[in-house]
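Visitor: I'm new to this and would love a tour. Could you show me the molecule and then take my questions one at a time?

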Amino acid sequence: MTEKPNLSQDYRPLASVIMAAGQGKRMQDPTLAKVLYPVGGEPMLGHVVRLCEELQAFPIISIIGYGRDAVATYLSKEFPEAKIAIQEEQLGTGHAVQQAERQLDGFNGDVLILSGDVPLLTRETAMRLIAHHRECKEAATVLTVHMPNPTGYGRIVRNGKHRLKTIVEERDATPEERTIEEINTGIYVFNSDVLFDVLKRIDRKNAQGEYYLTDTFKLIIEQFGPDAVAVVTTNDPLEVSGVNTKDQLAALEAEYDRRAAQ
């Protein structure tokens, strides 16, 4: 078993990687990348980049692919200091994050990974995730939430000590695993050295033939032991909800308006 990295220092640099390469086929508009759909008058990606700015998670790297010219133009206009990395082929979330490695060459710290279609994540929850990661001094930390209807989401499988055992994607889950209501939000913090080392070892042996970022956690646990990955849970499913359909977009728009009026 390999010894975990030393994360004991009080301050560690923080970078951010935003996954923003998907098309969003169920949005039924091939002319617009999903992350450019607006919530509260601003593209969803803009909300996520602004959160990274508030957290001072620099550099901010957006992984873009579908509609990349439009996405890159938007970022360069609204966030000129943000960086981009291009995912030429859509080969999964693990493959997407691999594209940020060159931009983070020489970076030694923590990497916050977010999704460009999750516009309601609060600064408070993100800070709690980062603080817990640093306090526990783990190799990685996962944000989870309980959903009464978890269909479509990766399930959080815990071991006998209630620590993370693995994350199983919906298509690869057994009938028993699909009854689990604790789901993966796709929001994480990794130690940078661990992240890019373990990404080299994931494969595509799964139902979708993709490189899953979630496969890194099992490999981290195998390498560093059963306590190597921490878990933080939010009790607010809407703040970690992504958008795959126009109905979901409308629901988040309504929730955004409700919260803005408070």
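Guide: Sure, and here's a rule to start with: rings of Phe, Tyr and Trp (its six-membered ring) pair if their centres lie within 6.5 Å, and planes under 30 degrees apart count as stacked, over 60 as edge-to-face and the rest as tilted. Keep in mind that this is a predicted model, where local features need pLDDT of at least 70, side-chain atom pairs count only at pLDDT 80 or more, and totals for chains, interfaces and linings use all residues. Residues are numbered from 1 along each chain as its sequence is written, and side-chain values use heavy atoms, with hydrogens and water left out.

Visitor: Which residues form one aromatic cluster?
Guide: The ring rule is what we need here, since a cluster is about aromatic rings. One such cluster is made up of Tyr188, Phe190 and Phe217.

Visitor: How many aromatic pairs does the count come to?
Guide: Apply the ring rule and you get 4 aromatic pairs. One of them is edge-to-face, with 75 degrees between the planes and 6.0 Å centre to centre. The residues in that pair are Tyr74 and Phe79.

Visitor: Are Tyr74 and Phe79 buried or exposed?
Guide: Here buried means under 20% relative accessible area, exposed means over 50%, and partly exposed is in between (1.4 Å probe, protein chains only). By that yardstick, both Tyr74 and Phe79 are buried.

Visitor: What kind of aromatic pair do Phe190 and Phe217 form?
Guide: Their ring centres are 5.2 Å apart. The planes sit at 20 degrees to each other, so under the 30 degrees cut-off the pair is stacked.

Visitor: How far apart in sequence are the parts that Phe190 and Phe217 tie together?
Guide: First, a naming rule: helices (H or I, at least four residues) and strands (E, at least two) are DSSP runs, numbered from the N terminus. Phe190 belongs to strand β10 (residues 182–191), while Phe217 belongs to helix α6 (residues 215–224). The pair therefore ties together parts separated in sequence by 27 residues.

Visitor: What is the relative accessible area of Phe217?
Guide: Phe217 is one of the buried residues of α6, along with Leu219 and Ile220, among others. Its partner Phe190 is buried with a relative accessible area of 0%. For Phe217, also buried, the value is 0%.

Visitor: Why is α6 called largely enclosed by the rest of the structure?
Guide: What covers its buried residues includes β7, β9 (164–168), β10, α5 (192–199) and β11. Helix α6 counts as largely enclosed because its buried residues number 7 of the 10.

Visitor: Which strands are joined to β7 by bridges?
Guide: Two strands pair if DSSP finds at least two bridges between them. Strand β7 (residues 140–146) has 6 of its 7 residues buried, so it is largely enclosed too. There are 6 bridges to an antiparallel partner, β10, and 6 to a parallel one, strand β11 (residues 229–234).

Visitor: What is the bridge partner of Thr141 in β11?
Guide: Over in β10, Thr141 stands opposite Val189. In β11, its bridge partner is Ala230.

Visitor: Which residues is Thr125 in contact with, leaving aside its neighbours within four places in sequence?
Guide: Thr125 lies in helix α4 (residues 123–136), and at 7% relative accessibility it counts as buried. Contact means heavy atoms within 4.5 Å. With those neighbours left aside, Thr125 is in contact with Leu143, Thr234 and Glu239.

Visitor: And Gly186, how many Å separate its C-alpha atom from that of Val118?
Guide: Gly186 is found in strand β10 and is buried, with a relative accessible area of 12%. Leaving aside neighbours within four places in sequence, Gly186 is in contact with Met19, Ile113 and Ser115. Gly186 and Val118 are 68 residues apart along the chain, and their C-alpha atoms are separated by 9.6 Å.

Visitor: How far apart in space are Lys165 and Asp105?
Guide: Lys165 lies in strand β9. Not counting residues up to four places away in sequence, Lys165 touches Val157, Arg158, Asn159 and Ile221. Lys165 and Asp105 are 60 residues apart in sequence, and C-alpha to C-alpha the distance in space is 30 Å.
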